[in-house]
Amino acid sequence: MCGIVGYIGARQAAPILLDGLKKLEYRGYDSAGVAVLNEGAITVKKTKGRLKNLSDMIDGGHKIPGTIGIGHTRWATHGEPSDINSHPHTSESGKIAVVHNGIIENYMKIKEFLTAKGYTFVSETDTEVIAHLADYYYNGNLLETVVKIINKLEGSYALGLISSDHPDQMIAVRKDSPLIIGLGEAENFIASDIPAILKYTRSVYLIEDNEIALLTPNGVTLYNTDLDEISKEVFSVDWDIAAAEKGGYEHFMFKEIMEEPQSVLNTIGPVLRDGLLKLDKVPGRISIVACGSAYHVGIVGKYVIEALTRIPVEVDIASEYRYRNPIITEDTLVVVISQSGETADTIAALREAKKQGAKIFGIVNVVGSSIARESDEVLYTLAGPEIAVATTKAYSTQLTAVYLLALSLKKAMGELSAEEEKYYAEELLRLPDLISAMIEQKDKIQYYASRYFNAKSVFFIGRGLDYALSLEGSLKLKEISYIHSEAYGAGELKHGTISLIEEGTLVIAVATQEKLFEKIVSNIREVKARGAVVLAIATEGCELIEECADGVLYIPKTDPLFTSSPAVTLLQLFAYYVASLKGCDIDKPRNLAKSVTVE
């Protein structure tokens with residue numbers, strides 16, 4: 001879940017490393033460090049805290065000269081955030097430096113082995129064993145040394161290594177953690193993600209598991225673990241570089257909410273132009289597997305797919321999927337959802353399902369990511385880069401993707417008439433405008449945020465699709481504002497949770513489903529009778545809810561199956577304004593990181 005970057009060429013490395021790390025801070029920001037090789041010696045500078053601390057320490061990189069180096073921004077796993085636990089880590093001789101993203105599961109066994117050989121450890125990290133292993137196996141050939149290292153490692157890793165004995169070489173390798181190689185003119189790069197190097201090159205290699213890259217200023221050679229050379233197509237990045245910049249907005253999160261109408265249109269357009277997805281086979285049952293916000297998309301997907309197709313759908317948290325020994329039959333379609341396509345738990349669930357013979361349908365944003373490559377079919381959301389840790393436009397485009405999948409399934413079953421297809425296509429094409437209409441209400445949303453930003457505990461309630469939406473609204477609020485928040489099916493309140501409602505407790509009641517409107521009104525009255533303050537989210541035309549709620553925000557009318565799309569934008573903006581009023585670090589919430597590449 002950390003971010004790594006490396007440079008080898010003719011320019012000064014440290015400023016380029018800092019620039020790349022700035023684009024990767026969404027992957028972790030507990031500490032940061034760089035190692036730069038110059039005149040036969042490696043200089044390491046690292047510090048606890050945000051990247052700015054490191055940048056100030058080394059004067060924007062100008063204090064450490066050298067044209068080859070590696071950098072790291074950390075999300076702590078082994079050992080607390082500290083200067084010592086920060087990366088890069090070096091061998092005792094100081095001749096080898098390494099950066100690492102992932103988790104070495106057998107590091108204690110390796111540490112015991114190396115300690116018995118006389119090696120001394122100074123940090124609590126699993127990564128330090130890699131640096132000492134490199135020293136132990138080093139035979140003058142850095143490439144052969146790396147092969148010996150990875151043959152001993154168990155777990156996940158993306159590694160970048162440099163050695164003072166090889167001032168014109170950098171080695172990179174991956175297993176279950178993302179890594180790309182950037183190809184420049186007389187310079188080359190490594191990085192965890194494309195935005196880190198987009199300023200310098202648009203030509204990259206997408207490195208797969210157990211592929212090793214040997215970088216020099218003049219070229220990149222790829223090998224397998226037997227050190228046989230391998231060839232790979234160059235991937236050309238077509239993003240506009242501005243997509244990974246704030247573009248004048250105060251926060252990436254706000255910018256990305258503003259981009260939702262276009263992002264949703266990007267998801268819809270290609271599929272509708274082709275007349276929905278062409279599915280080879282209609283499954284007998286569907287399992288949706290995902291983490292975090294993507295899991296909440298899956299719950300929406302369950303309601304929508306079952307309503308349209310009557311195909312039974314189960315939704316699993318990816319980190320739990322393997323451990324319940326899932327039942328997979330030959331007619332099971334496993335749908336995996338991930339923004340990055342590199343979410344470790346989701347990849348592990350995908351591989352377990354595939355091992356048992358399931359067909360995999362991936363919904364991902366990043367072209368060429370692990371999930372994209374390993375799925376049998378892929379629907380790209382085409383949201384563009386999402387930098388803020390709290391997802392917004394990626395969630396909205398994933399919602400759109402599950403709508404498209406549901407309609408495609410119904411069509412493949414022969415149950416979608418031409419009239420219905422036209423109707424649903426028109427409703428989908430209205431979504432960008434409906435989301436824009438929610439954005440236009442941002443001043444009113446900000447007003448309600450100013451009324452309730454001091455809440456200590458918030459409950460979201462809803463029924464049906466509104467319950468699924470409440471899960472995401474609650475998560476968005478808690479992860480960026482640090483307000484305790486929980487989401488419940490409104491009918492579950494009376495089974496225990498209502499005991500927590502007291503005078504002044506904020507309850508956000510989502511009421512966009514017309515068929516369930518009277519039910520949710522009854523639940524609002526239940527919490528009001530216990531002293532709750534209620535902010536309701538309703539569809540235009542349902543003004544009766546004003547009789548029982550303290551405040552109401554309205555979404556435009558659309559097909560009931562699609563109400564989550566404009567409503568989630570409303571809830572994202574509410575969370576954003578609450579966090580802003582509380583003075584929180586919105587793009588980088590404490591303890592979180594964007595792309596969760598550790599289990």
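**Rings, charges and one helix**

I would like to begin with a single contact, in which R590 lies over the face of Y482, at 3.8 Å from the ring centre. Please keep in mind throughout that what we are looking at is a predicted model.

Let me stay with the aromatic rings. How many aromatic pairs does a search of the whole structure find? The search finds 14 aromatic pairs. One of them is formed by Y447 and Y448, whose rings are 5.1 Å apart, centre to centre, with 65° between the planes, and this pair is edge-to-face. These two tyrosines do not share a surrounding, since Y447 is partly exposed, with a relative accessible area of 44%, whereas Y448 is buried, with a relative accessible area of 8%.

Then there are Y576 and Y577, and you may ask why this pair is edge-to-face. The ring centres of Y576 and Y577 are 5.4 Å apart and their planes stand at 70°, and planes over 60 degrees apart count as edge-to-face, so the pair is given that name. Both of these residues, Y576 and Y577, are buried. They also belong to an aromatic cluster, which they form together with Y249 and F254.

Let me turn now to a helix, namely α12, which covers residues 393–412. This helix has 20 residues, and from its first C-alpha to its last it reaches 28 Å, which is close to the 28 Å expected at 1.5 Å a residue. Is α12 largely enclosed or largely exposed? Of its 20 residues 18 are buried, so helix α12 is largely enclosed by the rest of the structure. If you follow the chain onwards, α12 is followed by G414, whose phi is positive, near 75°.

The last topic is the salt bridges, for which the count comes to 30. I will go through three of them, and it is worth looking at where each partner sits.

In the first example, D19 forms a salt bridge with K23, and the closest N and O atoms are 3.3 Å apart. Both residues belong to helix α1, residues 13–24, and because they are four residues apart there, about one helical turn separates D19 from K23. As for their surroundings, D19 is buried, with a relative accessible area of 15%, and K23 is buried too, with a relative accessible area of 13%.

In the next example, the side chains of R285 and E314 meet in a salt bridge at 3.2 Å, N to O. What does this pair tie together? R285 lies in strand β16, residues 285–290, and E314 in strand β17, residues 313–317, so the pair ties together parts that are 29 residues apart in sequence. E314 counts as partly exposed, at 24% relative accessibility.

The remaining example brings us back to a helix, since K476 forms a salt bridge with E479, with the closest N and O atoms 2.8 Å apart. These two residues lie in helix α15, residues 465–481, and because they are three residues apart, K476 and E479 are separated by about one helical turn. K476 is buried, with a relative accessible area of 1%, and E479, at 14% relative accessibility, counts as buried as well.

Finally, salt bridges can share partners, and in this model such sharing joins R174, K175, D176, D209, E342, R351 and E374 into one network.

Conventions: Residues numbered from 1 in each chain as written. Predicted model: local features only at pLDDT ≥ 70, side-chain atom pairs only at ≥ 80, totals over all residues. Heavy atoms only, no water. Phe/Tyr/Trp six-rings, centres within 6.5 Å; stacked < 30°, edge-to-face > 60°. Buried < 20%, exposed > 50% of the residue type's maximum accessible area, 1.4 Å probe, protein only. Lys NZ or Arg CZ within 6 Å of the ring centre and 35° of its normal. Expected span 1.5 Å × (residues − 1). Salt bridge = Lys/Arg side-chain N within 4 Å of Asp/Glu carboxyl O.
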